[in-house]
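Me: Could you take a close look at one part of this model for me? I would like to know what surrounds it and how it is linked to its neighbours.

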Amino acid sequence: MRVRLIAIGGKMPGWVTDGYNEYARRLPSDFQLELIELPLGHRGKSSDPARAKKQEGDQMLAAIPKGDKVIALEVGGKSWSTGQLADQVEAWRMDGRNISLLVGGPDGLDARCVAAADQKWSLSALTLPHPLVRVLLAEQLYRAWTVIQGHPYHK
């Protein structure tokens, strides 16, 4: 199974890249985690944030491979414990499709991306900085995999 983290924004600080890569590297080849970075929509004093969000949505929808199960990272989504996430990961694996996780830009996900999602997942009721979300997602997916494998990392 391949999990694609499709995220708006690039040029992350070194600690973000290092943290994400550390956990992605730990996952086995049959549970690959791949990052797809998409550029931010243009924002500025005279720009329209709704237009930037739509542009990001266009890019994101185009980046989702046909047949993938789509999970939108959304504050209003379902919150899972570690055990529940491990159950979700196992269900995703049994489903047989690859996964696309969608992480929006500073203004969130375009409504079309949310509508295209098979599931909505909330990491927290808190607003998290988008760079931190990448590291957090990679670590939590690794943690869920270790729970499934009975690996002692989770303890």
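Reply: Happy to help; what follows is a walk around strand S4 and the elements beside it. This is a predicted model, in which local features need pLDDT of at least 70 and side-chain atom pairs count only at pLDDT 80 or more, while totals for chains, interfaces and linings use all residues. Residues are numbered from 1 along each chain as its sequence is written, and side-chain values use heavy atoms, with hydrogens and water left out.

Strand S4 covers residues 99-103, and 5 of its 5 residues are buried (under 20% relative accessible area, with a 1.4 Å probe and protein chains only). Helices (H or I, at least four residues) and strands (E, at least two) are DSSP runs numbered from the N terminus. In a regular strand the side chains alternate between the two faces of the sheet. Here Ile99, Leu101 and Val103 lie on one side, Ser100 and Leu102 on the other, and both faces are covered.

S4 has parallel partners (strands pair if DSSP finds at least two bridges between them). With S1, residues 2-8, there are 5 bridges, and Ile6 has Leu102 as its bridge partner. With S3, residues 69-78, there are 4 bridges, and Ile71 stands opposite Leu101.

S3 also joins S4 through helix H3, residues 82-95, in a right-handed β-α-β unit: with the strands pointing away from the viewer, the path from the first strand over the helix to the second runs clockwise. Within H3 sits Gln88, which counts as buried because its relative accessibility is 19%. Beyond neighbours within four places in sequence, Gln88 contacts Trp80 and Gln119 (heavy atoms within 4.5 Å).

How values were computed. Buried < 20%, exposed > 50% of the residue type's maximum accessible area, 1.4 Å probe, protein only.
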